[in-house]
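Please open the model in a viewer and keep the sequence panel at hand. The tour proceeds by selection, with a short account of what is found at each stop.

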Amino acid sequence: MTDMQYDWTFDSPAGGRQVDVLADAQGTTAAIQNLLTDSAGEPPAIPAPADCLITLPAGLAREDRVITEAEVRELTGADQEALDRVRSNPLRLLETLLELGTVRIGDVPATSDVLPQLLLGDRDALVIGIRRVTFGDEMEFSEIVCPNCGEDFAATISLGDIQPQMVTSSRLTIPMRKGGCAIVRYPTGADQAAMLAIPKATDAERNTFLLGRCLVEVRDVQGNVTAGSADLAKSLGMGDLRTILKQLAATQPGPRLLEVSIEHEACGGEVPLPLSVADIFRDF
């Protein structure tokens with residue numbers, strides 16, 4: 001039986017030559033130490049799972065750019081406890097959900113100062129993203145009444161199928177009834193919070209209050225410009241006021257929750273299933 005020979009050598013830390021472990025103990029120690037040092041660098045960055053990243057329909061405006069990427073995270077049992085503590089206040093519940101479940105907007109941390117700056121449609125997109133990453137893409141509905149055949153049925157929808165309406169500008173130009181136009185911006189979370197904070201306000205009062213915040217300016221047929229204000233919003237004709245509010249609602253960026261529909265397999269009819277953020281909230 002022949003003797004087996006082993007070649008126990010390492011690359012020298014100086015590079016080039018081989019180190020013999022039997023003949024050069026000091027060189028061997030240095031080579032091993034060098035190998036361990038090289039292996040102990042920063043661990044490779046692991047990208048976030050795709051379902052944690054969403055695209056905002058409008059995005060967060062900064063001086064030099066508009067940020068449309070956002071990261072959300074799965075909510076935990078501790079988050080559930082925090083949500084339960086504010087459940088009696090729907091606005092606070094929404095704010096808490098967004099603060100807990102949104103990690104960042106691009107490279108901007110999603111703080112309580114940043115989130116109210118987002119348009120309402122972007123906030124809706126975040127709510128859907130948080131719901132999907134926490135509970136999954138599907139939502140089940142029962143006792144839906146088919147308007148075509150009158151039958152009650154249950155159905156499951158995919159939140160990922162709800163298409164968002166995108167915009168390239170946060171402002172909208174709306175022609176007015178007697179000429180000229182109104183320049184308005186889409187409402188933000190801060191606008192919504194201010195509107196809902198009005199005690200015992202009627203719907204009409206809330207509408208004019210919101211428009212007073214979002215009305216940038218009015219231009220008459222001669223080109224004269226009047227800066228937007230609460231008083232200017234109140235002075236608009238009812239026809240113009242209604243047109244502006246309808247256009248804001250129709251073109252608002254974000255998931256088209258009110259346009260969701262499903263097919264009733266039993267009769268083949270299309271069944272409208274308009275959703276609200278409250279419907280998405282139900283699992284929280």
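The stops below run from the whole chain to strands, helix pairs, a loop and the cysteines.

**The whole chain**

Begin with everything displayed, bearing in mind that this is a predicted model. The chain holds nine helices and 16 strands. Of its 284 residues, 37% count as buried. Among contacts between residues at least 6 apart in sequence, 55% join residues at least 24 apart.

**Strand β3: Leu-53**

Select residues 53-62, which form strand β3, and centre on Leu-53 within it. Leu-53 counts as partly exposed, at 32% relative accessibility. Beyond residues up to four places away in sequence, Leu-53 touches Glu-69, Ala-70, Glu-71 and Arg-104. Now add Val-133 to the selection: 80 residues separate Leu-53 from Val-133 in sequence, while their C-alpha atoms are 9.6 Å apart in space.

**Strand β4: Ile-67**

Move next to strand β4, residues 65-72, where Ile-67 has its place. Is Ile-67 buried or exposed? With a relative accessible area of 7%, Ile-67 is buried. Its contacts, leaving aside neighbours within four places in sequence, include Leu-56, Gly-59, Leu-60 and Arg-62. Ile-67 is also in contact with Ile-105, Gly-106, Asp-107 and Val-108. A C-alpha to C-alpha distance drawn from Ile-67 to Ile-105 reads 6.8 Å, for two residues 38 apart along the chain.

**Helices α2 and α3**

Select residues 77-85 for helix α2 and residues 90-101 for helix α3. Two packed helices are described by the angle between their axes and the distance between the axes. Here the angle is about 160° and the axes lie 9 Å apart. Since angles over 145 degrees count as roughly antiparallel, α2 and α3 are therefore roughly antiparallel to each other. The crossing of α2 past α3 is right-handed. To see the contact, show the side chains of Asp-79, Ala-82 and Leu-83 in α2, which meet Leu-93, Thr-96, Leu-97 and Leu-100 in α3. Five of the residues in this contact are nonpolar, one is polar and one is charged.

**Helices α3 and α4**

Keep α3 and add helix α4, residues 120-135. This pair packs at an angle of about 65°, with axes 10 Å apart, and α3 passes α4 in a left-handed crossing. On the α3 side, Leu-94, Glu-95, Leu-97, Leu-98 and Gly-101 make the contact, and on the α4 side Arg-123, Leu-126, Val-127 and Ile-130. These residues comprise six nonpolar, one polar and two charged.

**The loop at Arg-256**

Turn to the loop between β14 (254-255) and β15 (261-264), and select Arg-256 there. Arg-256 counts as buried, at 15% relative accessibility. Apart from neighbours within four places in sequence, Arg-256 is in contact with Ile-162, Gln-163, Pro-164 and Gln-165, as well as with Ala-249 and Ala-250.

**The cysteines**

Finally, select Cys-146, Cys-149 and Cys-181. How many disulfides does the structure contain? A search of the whole structure finds zero. The sulfur of Cys-149 has its closest cysteine sulfur in Cys-146, at 3.7 Å, which is too far for a bond because a disulfide requires the two sulfur atoms to be within 2.5 Å. Cys-149 is partly exposed, with a relative accessible area of 40%, whereas Cys-181 counts as buried at 15%.

Methods: Residues are numbered from 1 along each chain as its sequence is written. This is a predicted model: local features need pLDDT of at least 70, side-chain atom pairs count only at pLDDT 80 or more; totals for chains, interfaces and linings use all residues. Side-chain values use heavy atoms; hydrogens and water are left out. Buried means under 20% relative accessible area, exposed over 50%, partly exposed in between (1.4 Å probe, protein chains only). Axes are lines fitted to C-alpha atoms, for helices over the stretch in contact, and angles run from 0 to 180 degrees between N-to-C directions. Helices (H or I, at least four residues) and strands (E, at least two) are DSSP runs, numbered from the N terminus. Angles under 35 degrees count as roughly parallel, over 145 as roughly antiparallel, 65 to 115 as roughly perpendicular and the rest as oblique. A crossing is left-handed if the near helix is turned anticlockwise from the far one by less than a right angle, and right-handed if clockwise. Contact means heavy atoms within 4.5 Å. Ala, Val, Leu, Ile, Met, Phe, Trp, Tyr, Cys and Pro count as nonpolar, Asp, Glu, Lys and Arg as charged, and the others, Gly among them, as polar.
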